[in-house]
Structure formats: structure tokens, C-alpha cells
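Trainee: Please take one part of this model and look at it closely. Then follow the leads outward from there.

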Amino acid sequence: MAELALALLLLLVGLVPAGAVWPQPQLVRESPGGGRCRLSPGRFRFGYGRLSAVGPGCAVLDQAFARYWRLLRDAGLRAPEDTRPWEPLCTELLVSVSTPHCDGFPDMDSVESYKLSTSDDLSLLSSESIWGALRGLETFSQLIWRDEDGTFYLNKTDIVDFPRFAHRGLLLDTSRHYLPLRAILETLDVMAYNKFNVFHWHIVDDPSFPYESAAFPELSRKGAYNPATHVYTLNDVKMVIEYARLRGIRVISEFDTPGHTRSWGPGAPGLLTPCYAGSIPSGAYGPVNPILNTTYQFMTELFREVSTVFPDFYLHLGGDEVDFTCWRSNPEIQAFMQQMGFGQDYTKLESFYIQRLLNIISSYGKGYVVWQEVFDNGVKVKPDTIIHVWRENSGPYQQEVARVTEAGYRALLSAPWYLNRISYGQDWQVAYQVEPLEFEGSLEQKALVIGGEACMWGEFVDVTNLTPRLWPRAGAIAERLWSNKTVRDLQDAYIRLADFRCTLLRYLKTSVCRGEKK
């Protein structure tokens, strides 16, 4: 944790061109006269505006002030103080929030817009919500720069900013390789710096079940890589959710079914489908068994717990890559198919399961996100379902987004943003040049695209290579989802992204950037 905090400190005070904010704000106007003020870290303070609807005692902003002030204070230990007393001094940033809500969680409708004005006597940050104030504080931190002598400066700047898309997410897979709690918290820190606002926690999958369930403790005891060291306890999960909340980040959990459930089997006997070789059980197991009442009793109890533990309105229910081979082999399922009139169409059996699961989730007052196969296979879902587009089945992903939105569903895009896939050279540029609304459709359809997610799947990613695989590449997606559609200059983006990379390298001292000396 300390390493990432110091890395962020370097991002705060590094030699970044003045006004080079990532993601780029919607409107930035610097003083025509080039005015600036000197910032003395030990003499600067954050405070609440006189008319702010929130004040001291608001944990989200109190802790944010403390984080940023601590970074400035620590930086000041290495920077000269009061060497240029004739220059104007920046002494205060006052934050004013117009709505009094401070104790809740961010959601899909949270207002993240803000206005920021910096000057030599007083800097002002105003927003409708605390979440907008957090985004403004991030921007303010990036406006601070220092010259070759180590003196801190803040240019006189006016900024009006808001996100282009409401959902700007990052998926981490903690099943294929277990990620220690500190790695998740460190990732949340850098997500906040990039103005990501959704942590999609793909917490369990085929390889392991690290979620420690109170209702079904055998799931992690028998499904985790190590039930003592490679699990997320209830306290761990609560810590992640609160850590994210304090940074304006939602946590959406994913418990993917009916496929991707191999690790569930040992801890939940009878849940998975027995596979057959001819008329004899093969000893292997397939997806969740969709024909048993006990399956739905289990799901009712599990998702009652999950709905309570994870406060966000949405749950991600998966529904992707269901292999029908085992279902086809099972004589009891074959008989059920005939009884239901499904014939040999196993997508109808999948639809039968998904619809019953969605009814369970709805009974807890939750909304849901599903992978695109649920839509592609014709499952009847509620109109407010979010369809997560991740693959190119029958044509480019743009065609899939067009089909989803034409059907009236909201769409979430990940297909071009699988960061676990790497290639030689500047592959961030490919992600940066994606335009989420570049598909054939009406304005009403394009309004149904709520954003997207960068995905970091864990087949070949663990704690040793997570950070360099993610950053700064994920930043390209963060800017695409926050900034205006017209922000597409690769050269300008390269300069700002290279600064981000170099500040991390300077701290880690693992390499040097071009033109620097060791």
C-alpha cells in the first residue's frame, strides 16, 4: 500500500506539464496572462466552503482532504520552502457541495460533475455531490507542478468537467489467480486517479472459490486454493467496499452461473450436473444442474447473502460460455427437455435457468448485468437489464451493440478492452482509439450505451505482474470513457501517458525514461 501511495505522490508532484490532466477535462481555461501562485505544502490547507451542504464529519471528503494534504506535506519535506517570498502564495482550496448526502454509496445516477477555479488567493471547487468533489480533488492534484528547483506551482485555471459515460469500470479476476487484499486496494487507488468509478469484482470462477460465504462456508473451504490464506473473508469484502466508497467507486460482484462453476462443486454436492459417458456417469461434472428444485433453493440462499453483503443495486450474474455437452449427456436432463418441449435446443434450457435466477435476484430488489450470450440466446430478461458486450459472435462488436440497443437494452462495452491480451509496442493506442458509439443506430440507441469496462482476466496475471499489465494501459480506456469524444490526439495523449509511466518508474527505480540519467 505504501508503494502505491508514494507512486501517486510522484504523480502529484512530478514534472508534468502544467494543466496536463488525465483524463482530460471537458473544459480547461488557463489565465491569459499565465498567472501562477507558489504552493508551500506545509502551509496549504483544504477546507469546506461557507455555504457547503456538507462539512467536517463527512468521512468521504474529510479522508480525501487528509490523503491529499498528507501527500503535499510529505512532498514538502523534499522541496524548498519560502525561497521566493515575492511570488503569490496559494494557501487554500475550499470545497463546496450543494447536496447534503454524505454517508451513502455511489450509484449509477451519481453526479460527478464539478467546477474548479484556482487563483493566488483562494481556489474554489464546487460540485453537486461529494462524488463530483472527489473527481475535482483528483484534477486539482494533477494541476500542481514543480520547477527544476523543486518549487511547487499552481497555474491560474478554470475547469468545468463531467464524465461522458456513467459507468467506467475495471474488472479484476480473483479466481484464476488469487489477488491479495493489498493488490486490490492498490488498484482502487490508481482507479480513482484515473476517475474509474466501478470495480467489477469477478470473484469466483472454475479454478477457485475464494469468497468466504457465511451461508455456505464449505464453498471456500473446499473450493479455494487455500482456505486459510487464499480467501476473502466478510471483513475483507467490507474493507474493499468501504475503501472503494471513500474513493467514489462502486463495487459490483460477479457470481457467474450456470457455467464457470467447477469450483462450486466440492462444497455444494448435487449442485453441478453429472456428466455421462453413454449410460454410465463419467465422474466429471458440468454446469449447474438446472432441473432440480434444490438448485434454486441454493441460489436463493446464496444470493440473499450476496445481495446483503454487496450494497450496489446491481449484481453481475455472468451467463457466458455455457458448454451444453454435459447437459446433453445426462439422461435426466434429456427427459426434462422432452417434458418441457425444448427438443434438442439447449439454449431453451439455459433460458429456463436464467429466468428463474433473475426472478430470485429481482425478489431482493436488485438489478443485474449479464454477459451478451444471455441476450444472444434469446433469454427473456427485464427491460432494465444491462447487457455486457465482450465478444464478436456474428460480426464485429459494433453490430452486437447495435442489436442490443435496438432491442431496447442498455449496453456495456468491453469487447475491445481486454487488457490481459498484450502485444508488442504501443498497444494502448488501439484501446484509446475505440469509439463506443461508433455503430449504426439512432440517437436513442446510442443513449443506451452506459459506458464500458477494461477487463483484466487472470489466466496469466497474478500479483507479480498485475500493476505493470494494467497501468498505464487502462488509463487509455479511462480517458475514452470520461473525456469528450473529440479528445483523440494520440501525440498529446502519449505525452501525458508517458509522464504517468515515468513517474512510476522513477519511484520504483527499475528503469529510466528517455533522456534521464540514473
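Mentor: Start with burial. A residue is buried under 20% relative accessible area and exposed over 50%; in between, it is partly exposed (1.4 Å probe, protein chains only). Helices (H or I, at least four residues) and strands (E, at least two) are DSSP runs, numbered from the N terminus. The model is predicted: local features need pLDDT of at least 70, side-chain atom pairs count only at pLDDT 80 or more, and totals for chains, interfaces and linings use all residues. Residues are numbered from 1 along each chain as its sequence is written, and side-chain values use heavy atoms, with hydrogens and water left out.

The part I choose is helix α7. It covers residues 293-309. Its buried residues are T295, Y296, F298, M299, L302, F303, E305, V306, S307 and V309. Check the length next. The expected span of a helix is 1.5 Å times one less than its number of residues. For the 17 residues of α7 that gives 24 Å; the end C-alpha atoms lie 25 Å apart, which agrees.

What do the buried residues of α7 pack against? Contact here means heavy atoms within 4.5 Å. The partners are helices α5 (218-223), α6 (234-245) and α10 (346-363), plus strands β13 (250-254), β15 (280-288) and β16 (314-316).

Now the rings. Rings of Phe, Tyr and Trp (its six-membered ring) pair if their centres lie within 6.5 Å; planes under 30 degrees apart count as stacked, over 60 as edge-to-face and the rest as tilted. By this rule there are 32 aromatic pairs. One involves α7: the ring centres of F255 and F303 are 6.2 Å apart and the planes stand at 80 degrees, so the pair is edge-to-face. This pair links distant parts of the chain. F303 sits in helix α7, while F255 is in the loop between β13 and β14 (272-277), 48 residues apart. Both F255 and F303 are buried. F313 and Y314 form another pair, with centres 4.9 Å apart and planes at 85 degrees, so this one is edge-to-face. F313 is partly exposed at 39% relative accessibility. Y314 is buried at 8%.

Ring pairs also build a cluster. Its members include F298, F303, F255 and F310. W201, W264, Y178 and Y232 are among the others.

The loop that holds F255 has another feature. H260 also lies in the loop between β13 and β14. H260 is not a glycine, yet its phi is positive, about 55 degrees. H260 is buried at 11% relative accessibility. K195 is a parallel case to look at. Its phi is near 65 degrees, again positive in a residue other than glycine. K195 lies in the loop between α4 (181-193) and β12 (198-202), and it is buried at 1%.

K195 leads to R135. R135 lies in helix α3 (residues 130-143) and is buried at 1% relative accessibility. Leaving out residues up to four places away in sequence, R135 touches K195, F196, N197, R247 and W482, among others. A polar contact is a pair of N or O atoms within 3.5 Å; within protein, one must be able to donate a hydrogen and the other to accept it, and residues adjacent in sequence count only if both atoms are side-chain atoms. A polar atom of the R135 side chain lies 3.2 Å from the backbone oxygen of R247.

W482 leads to helix α16. Ten of the ten residues of α16 (residues 473-482) are buried, so the helix is largely enclosed by the rest of the structure. Among them are R473, E479, R480 and W482. Ahead of α16, P472 lies in the loop between α15 (466-470) and α16. The peptide bond from W471 to P472 is cis, with omega near 5 degrees.

R480 also faces a ring. A charge sits over a ring if NZ of Lys or CZ of Arg is within 6 Å of the ring centre and within 35 degrees of the ring normal. R480 lies over the face of Y432, 4.6 Å from the ring centre. R245 lies over the face of F105, at 5.8 Å.

For contrast, take R403 in helix α12 (residues 397-406). R403 is partly exposed at 29%. Its side chain makes a polar contact with the side chain of E400, at 2.8 Å.
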